[in-house]
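Subject: The structure I promised you

Hello,

Here is the structure I would like to hand over to you. Please open it next to this email, and I will walk you through what I found.

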Amino acid sequence: MVVRNADALAAMRSIHAHRLSRRRLLQAAGATAGAAALAGLGGPAPSMARVVQGEPKQGGTLIYAMESEADILDPQGASGWVTWRVHRHIFEPLINQDLSRSDVAQPPLIPGLAESWEMSPDGLSYTFKLRPGVTFHDGTPLDAEAAKFNIDRMMNPDFEFYNERAAAFTYFCWLATKEVQIVDPMTIRVVQNRPFGEFLNQMVQGTGGTGMISPAAIKQYGSDKVAEHPIGTGPFKFVERVQNEKIVLDRNESYWGHKPYVDRIIFRPMPEPAARVNALRAGEVDFIAVPPPDSIQSLVDAGYTLSIAETRNVPHIWYIHLNMKDPTLQDVRIRKAIQHAIDKEGMATSLLGDTVYRAEGLQAPGNLSFDPDFTIYPYDVDQAKALMAEAGHADGLDQQLVFQTSTAGSGQLLPVPMMEWIQRDLEQIGIKSKIDAFEWITYIGMWSDGVPDGVHGMQFSWGQSSGYWLDFTTNSANATPGCCNVGSYSNPKVDELLNAAFSELDDTKRADLYKQADKLIMEDAAFIPVVNDRAPYIMAPDVKGFVHAPEEAFDLTLVWLDR
Amino acid sequence: MNASPDHSLSGPRIQPDTAPMALGGRVHQRSLWGQAWRAFRRDRIAVVALVLIVLIAVTAALAPVVSPYPPNQANNRLRLASIGTDGHPLGLDEQGRDILSRIIWGGRVSLPTALLPTAIAAVTSLVLGLAAGFYGGLLSGLIMRTMDVFFAFPVVILAIGIAGILGPSLTNVMLSLTIVLVPYITRIVYAATVEVGGRDYLEAARASGATAARQMFVHILPNVLPPLIVYSTTIAGLMVVYGSGLSFLGLGVQPPTADWGVMSSSGRDVLSVAPHISTIPGIMILVVALSFNLVGDGLRDALDPRSHIR
Amino acid sequence: MWRYVVRRLLAAIGVLIGASFLVFLGMRLVPGDPATAILGSRATPEALAALREELGLNRPFYVQYLIWLGKMVQGDFGTSIALTVPVTKVLIPKFWNTLILGAGALAIAVPIGTVIGVLSGYWQLSLFDRAGQIFALFGASVPQFWLALVLVAVFSLNLGWFPVSGMYDMRGDGGRFDLLRHLVLPAVATSTIPMAVIARLVRASIIEIMHQDYVRTARAKGLRERRVVFGHALRNALPQFINITALQVGFLLSGALFTEVIFSWPGIGQALYNAVVARDVPMVQGAVFVTTLVFVLANLAADMAQAALDPKTRAT
């Protein structure tokens, strides 16, 4: 949501002589943002947004400070939201997400490199009509050959340019795909071996996106090294990358779609939050991700623009996998006691300054399978204590629980202080705990190996704008080794629902199945959902046109500079 | 490598480049220490610095008694409150914790982080340097050439490399600082031992039938200790800075434990809103490091006989 | 002279070989399998097996070291886990950036430190000496990371005189003036400890020299004080000054690590820090080795310069 809240806030502040709490501040921001959205950011009258902000200007360099260095620039073989925000400006999948709207529950799927697509009624074949006249940045034409080349790179082990890394990262997109056929020079058909309801949604996810790379580049540089020469079809062209310093993209003048306003974007990795804020204040960057919650108010006071989700729609969940093999945690009463003992609301409002919502279910928002009305386990210390007593631990656990987390990382917010908060809350019901924090990339590796014996929970942040995410996090078939049910949760009823949802082609019915599964999962209390991020971004006052879409990425072709 | 002992912050004057103390021999040993203490006492600034260090150390040691609040107790309502808040003279930090209490508790981490490595390195170096200077020959070559190799790594770079390989933890920071210090202090001890004629005493011991150990303890050690003490005191000041620096970078103690470096680092995000959170621990580090340097200077003047002459 | 040069050169090579062995050993201390440490946890079994073969992990330890050393000598430091590019490719530009920062810091530390040291030593125990000593003590005691924060808060954010991060304005096309503007604050923050050490060491050596016989003789001969100081004392002190300055390289590299992180200065220190945080073993190894190389070479160069200027050194 684009929020021009500085003025609104100034007005509010003159009414309330006292200092606004951040909570009120952000509510105010949300309210203005909501109004702006209704006024016309979405749908029928997109020009309204421009009326509010003036006529877009061409040109200029937009510098964006990102919260960590990006992974490799192979759109099919990299993970992480930070990297995805770069990728999606260079590369495009067959279908894409419309990130120009903020008033939707889930970003609508729109034509990308495929002009249109059609699913056979049995869900076993998808026909994609490719957009004519599109070329990669190196001049290679996009045609059926190029599309098949790319998909084979991700899923066909017999293909010369098959890439294991790409296959691993895009596994959850192509797991039901049998083969890709070329129907005519501009048409391909993806043949599935079983129906997969979320197939198209998976195609646009950031964890191993399916953006198309120039086949000529892959042939020239090799399937492994092409990441150093990222050549796609997107609105921006790769210029250069200096590790830990910058990634530079220029406007693609021959882009087939809406051409970007800015001439150039520079992505600067600045892992220190304070350094990002300083650089913004000094005018060295235009736009920062993950501002420290405490700096938001002063930045807004100084005239900077805050953009934050005003409803719970960003596909993000900060949660803990409980170790279901642990004897202590096998007692559901203890798991439920833990759920009741954590003051998530306090964490959201106080520690995180209302930059998050307290989470209820495990399913992340930002997709149709998310149930906004679902609630369970209110903060209730008495009930938590009663459950502990019932489990025979009225005087507390005689054992220390061990939780693992990371020191930082994309979507992790303030992992250690948040875990400290939980530690403090658990102590109230007689559960002593220990926090082990690891560097993010190391931690992801540990996490994917599963929760080890002697560790009671692993904290993680994830979520997708596809309900299928719930499956790979909770389906017993995806328990480690494998991905990503690292706490080895298993409930046959849940599996049954998830498997039914997998093949269900009707969006509403499928969403309903996922909702039922989430409810069962939460009744088992095997995961502790803690908060959903509102993804705050702060930008200089002259950065205009930014849209806070319900996604962990954004579309910078909409942004222009008023300077 | 060529890095001579005057690599230290305390300058070349601590090298016993002549051996007046050795010449003084046994007779003046006792009076030397007494004289040194009297000389040190006359250095007002050094005495104040010493008192300050002792005071801070004692306060830290008594933290459970004197600290107004537990270090991790948070008051959400008063987050970021500034200096002079009721009941919180130094204000509260970004988690709503009392800064004074955390400074006091932080001393229990920050001081040992600096002092333990210095002390352990001093003892290790004393043994290595004495052995090398006293026995000479192959042993000396082996020890000193090994030290040369360690010398090739810039201090913080080696420390961060070690901490990086072993993983972030307080123990690893202390271990790496110790490893970093040993070659520096060993050179001081070695130089002092050679200067007072370590080899000659070994010969003398052999000739007179006295044990080598006796020669070492009676004749050499008293002459080696002054430069060792002076150097170690000064280097402790630098270690306060570097130790907290490694914590600042997140390689040391893990939250929620308080430590001046971590405290300074955690206030960075709110530097413009609540500058006191970063500033107070920074000043604390400065004061303690400065005190160690002043005490080191005082000791140097008191223990170096030449400073009495001039 | 030549014998000395050759001896020092051999010693330096010996030290570098020893240092490389330590770096090699350090990497092997990483818990778990070295191949996994080098390729990261996502490596495929085939890649791991290939690397094990390449590193000779099933061969004797000294063979492994020699294989590794051979690669290092050829500039092959392996591939960064986090950045998936050859370590050398990342480190070479960073190396130059750190040199720029180091030169900037020296340009501040050497003149100020030397002037304070010379004057303090000459006017020993005067008011100026006291003030100079206190200044140097502060310089030696101030935590550089903290000073960097204060400098940013005051001179960048409040006064707006200097930029807060990086080496160039990314919107502009660089240029020397732009670089200079970006250099000032990081260089000041990096210069404190070297400046303090230089001031104290120079002071000590001036005091030493002023008590030397030739200075006394010169004075006794009735030479004018200025000639005594400039003609005799300082000229004789010059080799020592050079050595003192060279010895600051270690402190510079140490200090640069903190300032590079805080000012986002794209140098070796920042690369090392990022690598440590990311547990990027090949990168840590490469960065440590390169810094060590610089340190050793700087000391070697200083020794050579000193030897050229001062015949006494060669004799020892």
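Which residues are linked with Asp286(A) in a network of salt bridges? They are Asp542(A), Arg563(A) and Arg171(C). Please keep in mind as you read on that this is a predicted model.

**Confidence in chain A**

The average pLDDT of chain A is 87, and 90% of its residues score at least 70. One stretch to treat separately is residues 1–51 of chain A, where the pLDDT is below 50. Beyond near neighbours in sequence, that stretch has 90 contacts in the model.

**Salt bridges within chain A**

Over all chains, the structure holds 35 salt bridges. In general, side chains of opposite charge can pair when their charged atoms come close. Let me pick out a few pairs in chain A.

One of them joins Arg85(A) and Glu67(A), with 3.3 Å between the closest N and O atoms. Arg85(A) sits in helix H4 (residues 81–90) of chain A, while Glu67(A) is in the loop between strand S1 (61–66) and H4, so the salt bridge ties together parts that are 18 residues apart in sequence. Are these two residues buried or exposed? Arg85(A) is buried, at a relative accessible area of 3%, and Glu67(A) is buried as well, at 10%.

Another pair is Arg264(A) with Asp250(A), whose closest N and O atoms are 2.7 Å apart. This pair links distant parts of the chain: Arg264(A) belongs to strand S10 (residues 264–269) and Asp250(A) to strand S9 (residues 246–251), 14 residues apart. Arg264(A) is partly exposed, with a relative accessible area of 27%, and Asp250(A) is partly exposed too, with 22%.

Glu240(A) and Lys246(A) also meet through their side chains in a salt bridge, at 3.5 Å from N to O. Here Glu240(A) counts as partly exposed, at 31% relative accessibility.

**Where chain B meets chain A**

This contact involves 16 residues from chain A and 14 residues from chain B. About 1400 Å² is buried between the two chains, and carbon and sulfur atoms give 46% of that area. On the chain B side, Arg79(B), Gln95(B) and Asp269(B) lose the most area to chain A, together 38% of what that side buries.

How many salt bridges are counted between chain B and chain A? The count is two. A salt bridge between Glu272(A) and Arg268(B) has an N to O distance of 2.9 Å. By class, the side of chain B that touches chain A has six nonpolar, three polar and five charged residues. Two residue pairs are in polar contact across this interface, both at pLDDT 80 or more.

**Chain C on its own**

Chain C has 13 helices and zero strands. Its C-alpha trace spans about 80 × 55 × 35 Å along the principal axes. Of its 316 residues, 56% count as buried. Among contacts in chain C between residues at least 6 apart in sequence, 71% join residues at least 24 apart.

For a single residue to look at, try Thr98(C), which is placed in helix H5 (residues 87–122) of chain C. Thr98(C) counts as buried, at 8% relative accessibility. Leaving aside residues up to four places away in sequence, Thr98(C) touches Leu253(C), Glu260(C), Trp265(C), Gly267(C), Ile268(C) and Gly269(C).

**Where chain C meets chain B**

Here each chain brings 54 residues to the contact. The area buried between chain C and chain B is about 4900 Å², and 74% of it comes from carbon and sulfur atoms. One salt bridge is counted between these chains: the side chains of Arg200(C) and Asp297(B) meet at 2.5 Å, N to O. There are also six residue pairs in polar contact, both residues at pLDDT 80 or more.

Several helices of chain C each supply at least two residues of the side that touches chain B, among them H1 (2–28), H8 (176–210) and H12 (281–309). Which helix gives the most to that side? That is H10(C), with ten residues. By class, the side of chain C that touches chain B has 37 nonpolar, eleven polar and six charged residues.

Enjoy looking around!

Best wishes

How values were computed:
Residues are numbered from 1 along each chain as its sequence is written. Chains are lettered from A and ligands numbered from 1 in the order in which they are written. Side-chain values use heavy atoms; hydrogens and water are left out. A salt bridge is a side-chain nitrogen of Lys or Arg within 4 Å of a carboxyl oxygen of Asp or Glu. Helices (H or I, at least four residues) and strands (E, at least two) are DSSP runs, numbered from the N terminus. Buried means under 20% relative accessible area, exposed over 50%, partly exposed in between (1.4 Å probe, protein chains only). pLDDT is the predictor's confidence in each residue, from 0 to 100. Contact means heavy atoms within 4.5 Å. Buried area is the accessible area (1.4 Å probe) that two parts lose on being put together, summed over both. A polar contact is a pair of N or O atoms within 3.5 Å; within protein, one must be able to donate a hydrogen and the other to accept it, and residues adjacent in sequence count only if both atoms are side-chain atoms. Ala, Val, Leu, Ile, Met, Phe, Trp, Tyr, Cys and Pro count as nonpolar, Asp, Glu, Lys and Arg as charged, and the others, Gly among them, as polar.
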